[in-house]
Amino acid sequence: MIKIASVVLNNFTNDSRVLKENITLQNAGYDVRVVALHQEELKEYEEVQGIPVHRVKLSTMNWSKNMMGSLLKYVEWSYRIIREYKSSDIMHCNDLNALHIGVISKLFNKNLKVVYDAHEYETETVYLSGIKKKLAKISEKFLIKYVDKTITVSDAIAEEYVRLYGIEKPLLVLNTPVYKKIEKKDIFRETFNITKEQTIFLYQGNLSKGRGVEVVLETFKAFENRDNVVVFMGYGEFESYILKQEEEYEHIFFHKAVSPDILLDYTSSADFGISMIEDVCLSYRYCLPNKMFEYIMAEVPVIVSNLPEMKKLLEQYEVGVIANDNSERALKEAILKASNLDKESLSKNIKCVKEIYNWEEQEKVLLELYRGLYV
């Protein structure tokens, strides 16, 4: 049986993409294991939905959090994984910060295959600047030459990798949810006492900078009537601020994040989903957010930023509204336009799109890629 080590530099508690990929590969007969980073109060070894997980404990974990301390932790984490998993048949490296582990392991195991899974435009993220960004670009340019197969999450990002490195175009494995037949719920109306006459707009996901949280808040604060309400559901740096706005405005609500197994029941309780990713880095500009696909799977039409990949999908399938830009004015116009769309046509279009953009379709690409490793 072919052994796969799927390496990810997080504690693997909320990584739906990595989990879905490994469930798919396990079901296809591969011997899979997720190798992650240990954190206090988490098990070192466990199974998550039948997938074996090893969270690597570090002796340096409690060392200083300055740059030197972080570097030493990273080195120890890398060394431990290479030492223990270099004999794997395939190393699936999730994100750039795991890629060197696969490439170095090849020095000890010439038969090892390396899959590079770029979850975003890895060298153009909002978190990279200055010397860190330069080092990331140098690292990826060098390491990608030793990769057997590359996959990524949007066509624009795939084209960028071809342009930058002259490699075979990466295959697209979009971060879509598992297909689910939806029985529409009304959880938000029941929870927050929202009337049937009011339209519910949902912001779902990470409440952090660059994702349009502030413009959504300011737009709804400026509405004079209460016909349109917004529900924020998730976690992140803006959570406490949203809670304060909830106290002040009767049409702004906050709901804590829920587990993936019940998420779409909550999502389906909204009338529209909002994904206002800001054009603050190339990774965001070329993104296809998983939250957008979650809205569609829950049969909720969407309002999205005027960014190329999201715009292309909405123009092709007509499942919502594209805001002209990320200003309050543009979002307000999009909200008013959305409220006047034909609900029957929207529903029909969304039902068609969810048949295309679901994990069952994406996993076909993943399995094709893995079969190609031994051709």
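Asparagine 358 touches Thr176, Pro177, Tyr179 and Met297, leaving aside residues up to four places away in sequence; touching, or contact, means heavy atoms within 4.5 Å. This is a predicted model, where local features need pLDDT of at least 70 and side-chain atom pairs count only at pLDDT 80 or more, while totals for chains, interfaces and linings use all residues. Residues are numbered from 1 along each chain as its sequence is written, and side-chain values use heavy atoms, with hydrogens and water left out.

Where does asparagine 358 sit? You'll find asparagine 358 in the loop between α14 (343-353) and α15 (359-372). Helices here are DSSP runs (H or I, at least four residues), numbered from the N terminus. Asparagine 358 counts as buried because its relative accessibility is 4% (buried means under 20% relative accessible area, with a 1.4 Å probe and protein chains only).

Its side chain also makes these polar contacts (N or O atoms within 3.5 Å, one able to donate a hydrogen and the other to accept it; residues adjacent in sequence count only if both atoms are side-chain atoms):

| Side chain | Backbone partner | Distance |
|---|---|---|
| Asparagine 358 | Oxygen of glutamate 355 | 3.0 Å |
| Asparagine 358 | Nitrogen of glutamate 361 | 3.0 Å |

Met297 turns up again in a helix pair: Leu263, Leu264 and Thr267 in α9 meet Glu294, Tyr295 and Met297 in α11. The axes of α9 (residues 260-267) and α11 (residues 290-297) come within 9 Å and cross at roughly 65 degrees; axes are lines fitted to C-alpha atoms over the stretch in contact, with angles from 0 to 180 degrees between N-to-C directions. That makes α9 roughly perpendicular to α11 (65 to 115 degrees).

Key. Helix = DSSP H or I, 4+ residues; strand = E, 2+ residues; numbered from the N terminus. Parallel < 35°, antiparallel > 145°, perpendicular 65-115°, else oblique. Buried < 20%, exposed > 50% of the residue type's maximum accessible area, 1.4 Å probe, protein only.
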